[in-house]
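Me: I'd like to go through how some helices pack in this model, and on what grounds each term is used. Could you take a look with me?

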Amino acid sequence: MVVDYITPLVESIKISAYYTIKISIIVLTTVFIVNYIMNTGVMKKLSNLLSPILRKLRINPLSISSILTCFFSPTVGYSILAEGLKENKINEKEIIGTYLANSFPSVLSHTFTFFIPVVVPILGWTGILFVLIRLGVALTKTIIGFVYLSIISKDYSFEVPDINKLDKKENAKKSFKSTLRFAKRLIPILFFMMTLVIYLSKVGFFDYVERFVKPITNLLNLNPNVGILALTEIMNVQAAIVMAGGFLNEGILSSKEVLIGLIIGNVLTFSTRYVKHSLPLHVSLFGAKLGTKIVMVNAAITLLLDIFIIAGLLLL
């Protein structure tokens, strides 16, 4: 008996092309709108709104400046801490506490540039739940940071430095270009991953892979495709999001299973992600010893919170 692999491939390409065009229109339109709004200084306005509240807290003014700045530029927020350390206006313990407190502002800015324009259109309500989980983790770390700062901070006499305003006109011109750059990355991944998921589903590949992943996922009473999703996230986060959308559309995984797979993937990739991205930045800003300590403390708390969330989802 000759197995027909061509017909499922053609069907998969057709379905994937329709899905890619549909989702791309939604995602790219959202990306452009969000970029435009961000370039108008909405995060700066939010930081100004919160400034009077934060100033009443008995913490280092540089910590306040860094937290407010992270609403629209996390890197600039970290740079404020690095400069303050050089000028002996903030100590190492306060930097670690401020870094944790910066978690929610930093993730909130990422929410407008990635989660809302990409994750939510692809995953729908599941995407909204995933975003809320990530924001919840970040908010928990921020609360931990504020509690720690309230314990170790002392009064300072210098003024809070002003946060530089972004050049709105220059940034507005970049909105369309940044959307095009994003489209060049997203559309090929979206089309390829959707075609791959649909095709492999039609030819029974996931049933075959299930035999190898099943012993591990059986321990957690999970669908073996949860493991495939988590492993995909190790290679590429965007590809994992698209694959998760494919699994949902094809009925391969439930919303709960997709969430578990994405969070497990986050746990599996946290070490390589921190080594590749966070560690070089923070070592360059704060030196090898303090930079490594900041990254390790943040990574350990994030890992612990993710494990709690996975356990909670498994019990539901």
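**Helix packing, term by term**

Reply: Happy to, bearing in mind that this is a predicted model. To begin, α3 and α4 are roughly antiparallel to each other.

Me: What makes α3 and α4 roughly antiparallel?

Reply: The axes of α3 (residues 61–69) and α4 (residues 74–86) cross at roughly 165°, and angles over 145 degrees count as roughly antiparallel, so the pair earns the term. Those axes come within 7 Å, and the crossing is right-handed.

Me: Which residues make the contact of α3 with α4?

Reply: From α3 there are L62, S65, S66 and T69, while α4 brings P74, V76, G77, Y78, I80, L81 and G84. By class, that gives six nonpolar, five polar and no charged residues.

Me: Why is α5 called roughly antiparallel to α7?

Reply: Helix α5 (residues 92–101) packs on helix α7 (residues 125–152) at an angle of about 155°. The cut-off is again over 145 degrees, so α5 is roughly antiparallel to α7. Their axes lie 6 Å apart, and here the crossing is left-handed.

Me: How many residues of each class are in the contact of α5 with α7?

Reply: Seven are nonpolar, four polar and three charged. On the α5 side you will find K93, E94, G97, T98, L100 and A101; they meet a set in α7 including K141, F146, Y148 and I152.

Me: And what makes α6 roughly antiparallel to α7?

Reply: The axes of α6 and α7 cross at roughly 170°, coming within 9 Å. With angles over 145 degrees counted as roughly antiparallel, the term therefore applies to α6 and α7 as well. The residues in contact include F104, L108, T111 and F115 of α6, and W125, F130, R134 and L139 of α7. This contact divides into 15 nonpolar, five polar and two charged residues.

Me: How do you know that α6 spans less than a straight helix would?

Reply: Set the two spans side by side. A straight helix of 21 residues would span 30 Å at 1.5 Å a residue, but α6 (residues 103–123) spans only 24 Å between its end C-alpha atoms.

Me: Where is the kink in α6 centred?

Reply: On T111, with a kink of about 55°. T111 is also among the α6 residues that contact α7.

Me: What follows α6?

Reply: Next comes G124, whose phi is positive, near 65°.

Notes. Residues numbered from 1 in each chain as written. Predicted model: local features only at pLDDT ≥ 70, side-chain atom pairs only at ≥ 80, totals over all residues. Heavy atoms only, no water. Axes fitted to C-alpha atoms, helices over the stretch in contact; angles between N-to-C directions. Helix = DSSP H or I, 4+ residues; strand = E, 2+ residues; numbered from the N terminus. Parallel < 35°, antiparallel > 145°, perpendicular 65-115°, else oblique. Left-handed = near helix turned anticlockwise from the far one by under 90°. Contact = heavy atoms within 4.5 Å. Nonpolar A, V, L, I, M, F, W, Y, C, P; charged D, E, K, R; others polar. Expected span 1.5 Å × (residues − 1). Bend = angle between axes of the 7 residues up to and from the residue.
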